[in-house]
Amino acid sequence: MTDYKIAPSILSADFARLGEEVDNVLSAGADMVHFDVMDNHYVPNLTIGPLVCEALRKHGVTAPIDVHLMIKPVDRIIPDFAEAGANYITFHPEASEHVDRSLQLVRDCGCKAGLVFNPATPLDVLKYVMEKVDMVLLMSVNPGFGGQKFIPGTLDKLREARALIDASGRDIRLEVDGGVKVDNIRAVAEAGADTFVAGSAIFGTDDYRKTIESMRAELAQ
Ligand code: DX5
Ligand code: ZN
């Protein structure tokens, strides 16, 4: 049985009550916190940095924090996020001059390392760095905003990524990010994903527990 993980993206949370929102979504059954970092340079939006990650830890959040860097460059901020309590740090290959070095840096800082692929970015680099990757994240929207529509071509790409991961025999999570909802999570899982980011689909509902339970029910079918 696949160990599915649900990772609510706090991009759609109420930032004025962030600690409470994260507590609520975790007690509603979420497995980890997806933390979207944007710089108004690599993507056209601006969000949160290591101080907010650290604040969540100080608030008492113990669940894994999955930091998704949509910033360029990445190396300077990686140690700061590790210090701030990140567990996973993922970045886009286009945002690093030296992908292998950045992955190594994440691991040297004690975190799990991941590569993120935009909808039109091929998976090619993966085969050269497979042994340095703990997570592959496929974007199913163009990065920058919550609440966008799932791009259907991601399903084929997920199958491609799943085959590469299985062929490697390594313990690598396959995460998908963007437009994941109760009504498509099953198809996304069938295509090979085991970790599901969902922002608006969870934070946009009144009852987080009910939404997460509905997602798990779809996954259990
Ligand atoms: C988009 C972010 C996502 C976003 C997902 O750039 O990386 O994590 O918050 O939001 P939804 O689930 O609403 O598409
Ligand atoms: Zn994200």
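In this predicted model, Asp-36 is a buried residue, because 24 other C-beta atoms lie within 10 Å and 20 or more are enough for that label. Asp-36 sits in strand S2, which runs over residues 33–38. Setting aside neighbours within four places in sequence, the contacts of Asp-36 are Ser-9, Leu-11, Thr-47, His-68 and Met-70.

Asp-36 has a partner in the records: an unreviewed UniProt entry puts the annotation "active site" on Asp-36 and Asp-177. The two span 142 residues in sequence, yet their C-alpha atoms are no more than 10.5 Å apart, so they gather at one spot.

Asp-177 belongs to strand S7, made up of residues 173–177. Asp-177 is also buried, because it has 26 other C-beta atoms within 10 Å. Apart from residues up to four places away in sequence, Asp-177 touches His-68, Leu-137, Met-139, Ser-140 and Val-197. His-68 thus turns up on both lists, in contact with Asp-36 and with Asp-177.

Then there is ligand 1, with 22 residues around it. The closest of these are Ser-9, Leu-11, Gly-146, Gly-199 and Ser-200. Ser-9 and Leu-11 have already come up as contacts of Asp-36. As for secondary structure, at least two residues of the shell come from each of S2, strand S8 (195–198) and helix H8 (200–203); S2 is the strand that holds Asp-36. By residue type, the shell around ligand 1 splits into 12 polar, 8 nonpolar and 2 charged residues.

Conventions. Residues are numbered from 1 along each chain as its sequence is written. Chains are lettered from A and ligands numbered from 1 in the order in which they are written. This is a predicted model: local features need pLDDT of at least 70, side-chain atom pairs count only at pLDDT 80 or more; totals for chains, interfaces and linings use all residues. UniProt positions are given in the numbering used here, feature names are shortened, and annotations may be inferred rather than shown by experiment. Helices (H or I, at least four residues) and strands (E, at least two) are DSSP runs, numbered from the N terminus. A residue is buried if 20 or more other C-beta atoms lie within 10 Å of its own, exposed if 12 or fewer, and partly exposed in between; C-beta atoms are placed from the backbone. Two residues are in contact if their C-beta atoms, placed from the backbone, lie within 7 Å. A residue is near a molecule or strand if its C-beta atom, placed from the backbone, lies within 6 Å of it. Ala, Val, Leu, Ile, Met, Phe, Trp, Tyr, Cys and Pro count as nonpolar, Asp, Glu, Lys and Arg as charged, and the others, Gly among them, as polar.
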